[in-house]
Amino acid sequence: MSKNDVAKIKTTVRKYCAAANAGDPDAWGKTLDGKAVWLPPDAPRLVGSKAVLAFTRTRFFEPYKIKLGVKLNKVQVFGSKAFAPASFSLDLTPKAGGDTIKATGKAVHEFRKQRDGSWKYGELIWNYDKPLA
Amino acid sequence: MSSSSTELSRDDVAAINEVCSVVERYVSTRNYAAWANCFAPDAVFMFANSPPARGRAAIEEWGRNGPKVVRLTFSDIEIHGCGSGMAWMTSAYQLIVEGADAPDVGKQLVVFKRENDGAWLCVACSASSDLPPAGN
């Protein structure tokens, strides 16, 4: 396993969180592989970065100010693929006003190495530890 | 129905498909001890609306305390290899639970590792419903 690859994967995750927290869906979308597959809770499977981005805009970026933190538990690299179970915290503050929804959850990330040596999100499944309030 | 990448042998794909069938059977018969043995000793199981279960004992306990399963079935299984004895699988699931008005349907992502004896064990599994939360 390359420490350099692990470092690059962690950089991607930092960019993913920073873009979410900045409310910048375009920057967030750049962390996704074009053929990304999203397996969100309480919604059907999404295939392709355009579908994932459209879903995420509607479900998260447009209605909420986001505060996301992701902790990768263990990154395992196998050639051009990598996996990492993870935990996360997510605060969603309605832009229209109202109480912040605070959630914690867990995920399995699959990352894909790009031709330029960077890593992007391939598949992601996540769910919450408790039903969202 | 399943598909696979060329990075896995036919035997590997068949073995992982067999694990899927075995999991369906064990969960549908509520044989959670046997189900937990489909996981690696340090595996993590992540089901919605509950904390992650780490290790076979916790996974077995999660099963015993979880929904009263009538039947679990997987479909649209896709298996991908990534070298070094690792693979991942995605599928849809249907879960019929006692007392529920309708089955839960969802999807899962499972990471597998091949043991020295050729057996494939789950090292990480996460599942999420496709349905909106109850009450929505």
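Here are some notes on chain B, its contacts with chain A, and two aspartates with an unusual sign of phi.

1. Before you start: this is a predicted model, where local features need pLDDT of at least 70, side-chain atom pairs count only at pLDDT 80 or more, and totals for chains, interfaces and linings use all residues. Residues are numbered from 1 along each chain as its sequence is written, while chains are lettered from A and ligands numbered from 1 in the order in which they are written.

2. What is chain B built from? You'll find three helices and seven strands, and going along the sequence they come as β-α-α-β-β-α-β-β-β-β. Helices here are DSSP runs of H or I with at least four residues, strands are runs of E with at least two, and both are numbered from the N terminus.

3. On overall size, chain B has a radius of gyration of 15 Å, which agrees with the value near 14 Å for a compact globule of 136 residues. That radius is taken over C-alpha atoms, and the globule rule is 2.2 Å times the number of residues to the power 0.38. Along the principal axes, the C-alpha atoms of chain B fill a box of roughly 45 × 30 × 25 Å.

4. Of the 136 residues in chain B, 38% count as buried. Buried means 20 or more other C-beta atoms within 10 Å of the residue's own, exposed means 12 or fewer, and partly exposed is in between, with C-beta atoms placed from the backbone.

5. Now for contacts, meaning two residues whose C-beta atoms, placed from the backbone, lie within 7 Å. Among the contacts in chain B with a separation of 6 or more, 48% join residues 24 or more positions apart.

6. How many residues of chain B are in contact with chain A? There are 24, and they meet 23 residues of chain A. On the chain B side, β2 (39–47), β5 (86–97), β6 (104–114) and β7 (120–129) each supply at least two residues. The largest share, four residues, comes from β7(B). By class, this side has 14 nonpolar, eight polar and two charged residues. Nonpolar covers Ala, Val, Leu, Ile, Met, Phe, Trp, Tyr, Cys and Pro; charged covers Asp, Glu, Lys and Arg; the others, Gly among them, are polar.

7. Have a look at Asp42(A), a non-glycine residue with a positive phi, near 65°. Asp42(A) sits in the loop between β1 (32–39) and β2 (46–47) of chain A. With 18 other C-beta atoms within 10 Å, Asp42(A) is partly exposed.

8. Asp76(B) also has a positive phi, near 50°, but Asp76(B) lies in strand β4 (residues 69–81) of chain B. Asp76(B) is partly exposed, with 13 other C-beta atoms within 10 Å.
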